[in-house]
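Dear colleague,

I am handing over the structure we spoke of, with the sequence alongside. Please have it open while you read the notes underneath.

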Amino acid sequence: PIALTAGILFALAIGFLQYLISPSIIQWVYKINWMPLDAADPVIATAVRAVCHDRGLREPRFGVIEDGNPNAFTFGHHPNNARVVVTRGLIDLCDSEERKAVVLHEMGHIVHWDFVVMTVAATVPMVLYMIYRFGIASGRGRNRNGGYVALVALMAYVFYVISQYVVLFLSRVREHYADSFSAQVSQNPNALASALMKIAYGLAKAPKGVSVEGGEKKVTAQALAVSGGLKSMGIFDPGFGASMALAAAGSYSQADHAPDHEGTLRAMRWDVWNPWALVCEISSSHPLPAKRIRALGTLA
């Protein structure tokens with residue numbers, strides 16, 4: 001039917017338009033300070049250039065967001081048009097080897113074409129949803145095929161719901177692959193594991209706009225968390241299971257904004273053994289941090 005065809009074409013057009021303009025929108029929404037890699041961190045610059053040389057890639061553009069929330073993400077149209085962005089919180093919180101490991105994780109996304117893969121994958125639920133919407137509208141007519149169209153629409157909705165979870169599963173798999181890429185290139189899986197410990201269980205619950213440098217807290221110029229559509233591209237999604245694990249473990253001191261290491265271990269146990277943690281993970285774009293750290297331990 002024409003209605004279903006129109007729904008599919010509309011969804012594909014929206015997905016293609018999103019792919020074309022999303023990098024420009026990200027750069028417009030987020031205040032990113034672009035800088036040469038050498039000026040940002042010579043250690044990172046050396047590691048990134050080695051990857052680009054080995055893979056025949058153009059050096060990605062590098063930027064910093066003045067945000068106290070530790071995170072990093074990458075975006076672009078293809079590997080030779082990629083941008084890597086880190087927050088000031090990540091720079092202040094992690095040491096040089098940990099920062100390198102995080103950036104190499106982002107380079108893993110670039111090498112694997114992850115932002116293209118995820119754009120294509122996210123188009124599938126959109127197409128199914130449009131089939132459902134246009135099909136329901138068409139099925140309400142009095143034509144004799146209306147009942148069949150409505151049935152197709154309902155089936156499309158069922159597959160739409162399933163496909164949402166398939167896309168999230170694919171996102172979690174690509175995170176594991178990016179972790180593995182970082183570990184293998186750096187030959188130091190423990191550096192990324194240590195960074196994830198700090199980001200996911202340490203100071204990730206610090207007040208917005210506050211970063212830590214040299215053991216002293218300071219207010220950053222921009223209290224902007226990597227959130228919304230960028231959550232799936234970040235090194236860590238601060239909006240899901242880890243916050244529940246931290247709350248359950250009581251691992252955060254509101255008095256001095258400092259992590260408690262025994263509480264952090266309890267939070268990791270929550271991630272690994274609590275049945276509710278699995279429910280949280282299924283609905284997230286990122287694996288549970290403790291599982292990522294455990295996988296990095298195996299690689300080490």
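What follows is a description of the sheet, of the helix that lies across it, and of a patch on the surface.

Please keep in mind throughout that this is a predicted model.

I would begin with the sheet, which is open and consists of four strands in the order β1-β2-β4-β3, with mixed pairing. The edges are taken by β1 (32-34) and β3 (72-76), and because each of these has a single partner strand, one side of each is left without a neighbour in the sheet. On average, and with direction ignored, neighbouring strands of this sheet are turned by 30° against each other.

The mixed character of the pairing can be followed at β4, which covers residues 82-87 and runs antiparallel to β3, with five bridges joining the two. Within this pair, Phe75 stands opposite Arg83 of β4, and Gly76 is placed opposite Ala82 of β4. The connection from β3 to β4 is a hairpin that passes through five residues. With β2, on the other hand, β4 pairs in the parallel sense, again over five bridges, and here Ile65 is found opposite Thr87 of β4.

How much of β4 is covered, and how many of its residues are buried? The strand is mostly covered, with six of its six residues buried. Ala82, Val84 and Val86 point one way from β4, whereas Arg83, Val85 and Thr87 point the other way, and the residues of both sets are all buried. You may want to look at Arg83 in particular, since the residue that stands opposite Phe75 is also among those buried in β4.

As for the helix packed on the sheet, α5 (residues 96-111) lies across β2 (61-65), β3 and β4, and runs at about 25° to β3.

Turning to the surface, there is a nonpolar patch formed by Phe16, Leu17, Leu20, Ile21, Ile25, Trp28 and Val29, which together have about 730 Å² of accessible area. One of these residues, Phe16, belongs to helix α1, which comprises residues 2-29. Phe16 has a relative accessibility of 51% and therefore counts as exposed, the cut-off for that term being over 50%.

With best wishes

Conventions
Residues are numbered from 1 along each chain as its sequence is written. This is a predicted model: local features need pLDDT of at least 70, side-chain atom pairs count only at pLDDT 80 or more; totals for chains, interfaces and linings use all residues. Side-chain values use heavy atoms; hydrogens and water are left out. Two strands pair if DSSP finds at least two bridges between them. Axes are lines fitted to C-alpha atoms, for helices over the stretch in contact, and angles run from 0 to 180 degrees between N-to-C directions. Contact means heavy atoms within 4.5 Å. Buried means under 20% relative accessible area, exposed over 50%, partly exposed in between (1.4 Å probe, protein chains only). Patches are made of residues with over 30% relative accessible area and no salt bridge: like charges are joined within 9 Å, nonpolar side chains (Val, Leu, Ile, Met, Phe, Trp, Tyr) within 5 Å. Accessible areas come from the Shrake-Rupley method with a 1.4 Å probe; for residues, only the protein chains shown count as cover. A salt bridge is a side-chain nitrogen of Lys or Arg within 4 Å of a carboxyl oxygen of Asp or Glu.
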